[in-house]
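Dear colleague,

I am passing on a structure that you have not worked with before, and I would be glad if you could look through it before reading my notes underneath.

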Amino acid sequence: MKHGIHFFHHSVLPTAIQDFTAVIKEDPSNAQARLYRGRAYAKQQQYRNAIQDLAAAVHLDPSCWLAFYYRGCILRQIDPKRAVQDFSVSVLINDTQENFCSFLHRGIVYSEQCQWSLAICDFESVLALDRSVIFAYLNIGLILLLHLDQCYEAIRQFTNAIEIDPLNVRAYVCRAQAYHKIHNLPNAVKDINRAIHLYPNKSQLCILRGQYLMELKKDELASLCIHQLAEMDEESFMSQPVQQALIQSFCQNHNKAIECLREAAATQPEPSMFVILGKIQMKAKKTKDAVRSFKKAMKLLMTSAKILPNTFETAEMYYLTGLCYMEQKSLLQAHDAFSMAIRLHSSYPDAFYQRGLCRMQLRQATCIRDFNRALALCPSHFQAYMSRAAYYGSKGRYSKAILNCNEAIKILPSSVRAYFYRGTLKYQNKTFKAAIEDLSKTIDLNKTCILAYYNRAVCYHQIKDFKKALKDYGILLLLELSKEIAFKVLINRGLLYVELGDCANACEDFKEATLLSPYDSQIFQAIGICYHRLNEFEEAVRSFDQALKLDPVSVDAYVGRGNSYMENGHEAGCKQAQKDFLRAIHLNPKCIKARICLGYNFKALGKLQRAWRQFTVAICIDSKCHAAYDGRASVCLQMGETFAAFQDTNAALKLTTTAPLLTNRGVISQLMGYLPCAMKDYQQAISVDPNYALAYFNAANIYFHNRQFSQAYCYYSKVLQLDPRNESAVMNRAITNTLLNNIEEAKEDFEKAICLCPFSAAVYFNRANFYHGLKQYELAEKDISTALSIQPNDALMYKFRADIRGKLGFYKEAVEDYKQAIRIQEQIDSM
């Protein structure tokens with residue numbers, strides 16, 4: 001038995017039958033042997049023997065569901081009634097997933113007997129056992145579609161089949177027919193297209209698509225379907241060369257189409273044949289050949305008197321010739337061809353339009369007349385409106401250009417080009433919000449319109465909506481950009497970050513831009529400025545070095561590098577900076593920025609006279625340069641020329657009113673003893689810039705000096721809101737709190753001051769005074785000792801510690817401190 005089963009499964013059926021026969025001879029009641037021999041006979045199409053064996057198997061084992069199933073399969077065509085009985089008994093014995101085929105075959109028999117409800121029940125039973133049986137979905141769908149008129153439910157069944165097997169052509173075709181029946185033609189075409197994609201050589205599918213496209217009024221596409229069908233039998237088209245050429249041309253096989261028409265024109269030289277040939281040559285970008293073809297057509301049309309007939313067909317030949325010349329950039333010849341077309345057919349709007357384009361490219365103002373004439377003949381000529389808008393835009397007449405775009409949008413409300421161009425015109429017209437609306441509409445119509453995102457980002461930048469500008473720049477960088485646009489986006493975003501004060505991100509954008517344009521010195525200069533603002537002065541110097549390698553005569557790069565050297569704070573850096581400022585002045589003696597920087601450099605090196613001279617030269621070059629007056633004022637102040645400093649600061653303030661200048665004048669007034677004037681300047685500085693901390697700090701100091709401690713406290717607190725790490729403000733507020741008897745707040749402020757300046761003797765000295773006032777002498781002695789460890793040669797602090805130690809009872813140590821204070825004071829007096 002095992003031997004026979006082995007051969008049965010390996011399809012060696014004669015040997016398997018012999019083995020099963022031998023088993024049956026030995027054991028006539030072996031139902032399994034009968035079952036397998038019956039199946040083997042069925043495979044060999046010996047149906048009579050198969051039925052006998054399967055009937056014997058059923059007789060011997062009435063619970064053998066397989067015997068009933070296979071007998072039902074054999075009887076399905078010759079005795080459907082008995083087949084249904086066998087399938088029914090089979091599923092009665094075994095109604096599990098193992099026997100779903102019995103339901104499937106019984107459903108098919110019911111379908112053949114037009115018992116639609118029973119058939120659907122059986123196919124649904126199949127799906128209940130195995131959801132992946134596509135055949136069941138298709139049969140249910142077809143019954144619903146063709147016999148029960150339930151199209152929407154049929155579509156659902158076909159969709160289920162497609163979800164299980166997306167490559168099932170029959171499911172797509174059936175669903176297309178269902179969509180067609182409910183007049184949903186676009187979806188019907190989509191499904192047929194999918195089916196054709198899977199089976200491109202099925203002629204029936206092409207016929208169906210052509211039928212659906214015809215019903216959709218898409219005649220050209222429907223015609224193409226017929227041509228594709230015809231191409232499956234090319235011999236039928238050999239007698240129709242024009243049609244064959246058009247088909248080949250539509251399929252982009254231009255060379256084949258041209259060859260076909262040339263052969264036809266050689267045997268049948270007609271004007272229309274050469275015109276079609278010329279049009280196909282234009283499609284193939286062979287404009288010179290096309291011109292020759294059109295000229296041959298004209299020659300054939302010419303009468304014996306060598307005069308062309310005044311017909312549209314003749315005018316069209318000149319029009320097409322003009323298009324060819326336009327493609328070749330032969331504008332004068334194109335202009336003549338379009339003029340000839342207009343002479344032959346005076347109401348030819350496209351000829352007027354194209355001649356207008358020619359004239360616009362030739363910079364002839366008469367182009368506008370041609371656009372006007374085209375619109376007079378054809379008021380719905382979209383291109384004419386757009387070209388007229390372009391002409392007015394090029395002349396700076398933006399409002400008139402926008403009006404033409406409005407008319408174009410009325411004709412084509414979904415034109416990406418019209419909305420985009422109107423948006424750019426509004427940008428040029430400085431109506432940024434209106435421009436953003438049009439550019440947003442452009443993006444709605446075309447989500448990948450790169451230039452719309454770019455221009456909208458620029459508009460957002462202009463109206464200071466930085467968040468949205470950054471978003472648009474970010475979207476742009478996710479799209480596939482050309483190198484040129486990516487470079488501009490990075491530069492613009494970098495500049496925006498600079499404007500926001502985010503120099504770190506700006507630096508990253510500029511560095512990425514250098515990868516796209518590695519020889520642009522301006523970018524390295526911008527990177528240097530960013531590093532300078534980030535206090536990374538060594539990196540800034542390296543960036544300016546690179547900028548100077550690319551452009552050795554860049555004055556701004558020398559000034560930038562000089563400023564970075566200056567920030568290092570050591571003498572060598574100052575001298576190096578001086579060299580850079582001098583080089584910049586050598587390259588451009590009138591560079592005020594370089595002279596001002598050099599002035600501050602001399603000031604830092606203590607060369608005050610030379611610094612004063614540089615600021616004076618800058619003022620001579622530009623008498624309205626407030627920075628030069630401010631710089632000279634600072635030098636005068638350092639030289640002790642307070643009144644001169646006051647005059648220069650006044651001169652600067654006449655040119656511009658800024659919080660730093662007002663504060664500087666306040667400092668000068670304070671030094672001159674004019675405290676009310678100083679306070680007035682500080683208050684004005686605060687009104688000009690409410691976030692300028694130095695003005696608050698200086699005003700607080702005057703309040704403190706005038707013993708107006710409550711006001712001083714408020715102003716010191718404002719300074720610390722603006723600049724939390726201002727150690728002087730923290731310490732002064734601590735002293736103020738002490739005087740106001742705000743003990744806990746004073747303690748907190750002294751702690752903050754020590755955290756900010758752990759090596760400041762003044763902080764420890766003042767806190768020692770604070771503790772002394774509280775009679776906490778041990779803490780006072782500890783702080784004054786720390787102050788003396790930081791600043792050991794201060795006679796006053798030794799005397800103060802001696803006083804504290806005396807109160808603690810440390811008389812010996814106090815005497816030593818008094819002696820040390822006297823020694824230090826004697827040394828100072830003897831110097």
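What follows is a short account of what was found, going from the whole chain to a single residue.

Please keep in mind throughout that this is a predicted model. The protein chain has 48 helices, while the number of strands is zero. Its radius of gyration is 48 Å, well over the 28 Å that the globule rule gives for 831 residues, and the chain is therefore more spread out than a compact globule. Measured out along the principal axes, to put it in terms of extent, the C-alpha trace of the protein chain spans about 140 × 105 × 45 Å.

As for burial and surface, 47% of the 831 residues of the protein chain count as buried, and the chain exposes about 43200 Å², of which carbon and sulfur atoms supply 53%. Among the contacts in the protein chain with a separation of 6 or more, 43% come from residues 24 or more positions apart. With regard to charge, the protein chain carries 98 positive and 81 negative charges, and the mean positions of these two groups are 7 Å apart.

One residue may serve as a local example, namely glutamine 578, which has its place in helix α34, a helix covering residues 571–587. Glutamine 578 has a relative accessible area of 13%, and because buried means under 20%, this residue counts as buried. Leaving aside residues up to four places away in sequence, glutamine 578 touches Leu598, Asn601, Phe602, Leu605 and Lys607.

With kind regards

Definitions and conventions:
Residues are numbered from 1 along each chain as its sequence is written. This is a predicted model: local features need pLDDT of at least 70, side-chain atom pairs count only at pLDDT 80 or more; totals for chains, interfaces and linings use all residues. Side-chain values use heavy atoms; hydrogens and water are left out. Helices (H or I, at least four residues) and strands (E, at least two) are DSSP runs, numbered from the N terminus. The radius of gyration is taken over C-alpha atoms; the globule rule is 2.2 Å times the number of residues to the power 0.38. Buried means under 20% relative accessible area, exposed over 50%, partly exposed in between (1.4 Å probe, protein chains only). Contact means heavy atoms within 4.5 Å. Accessible areas come from the Shrake-Rupley method with a 1.4 Å probe; for residues, only the protein chains shown count as cover. Lys and Arg count as positive and Asp and Glu as negative; His and the chain ends are not counted. The place of a charge is taken as NZ of Lys, CZ of Arg, CG of Asp or CD of Glu.
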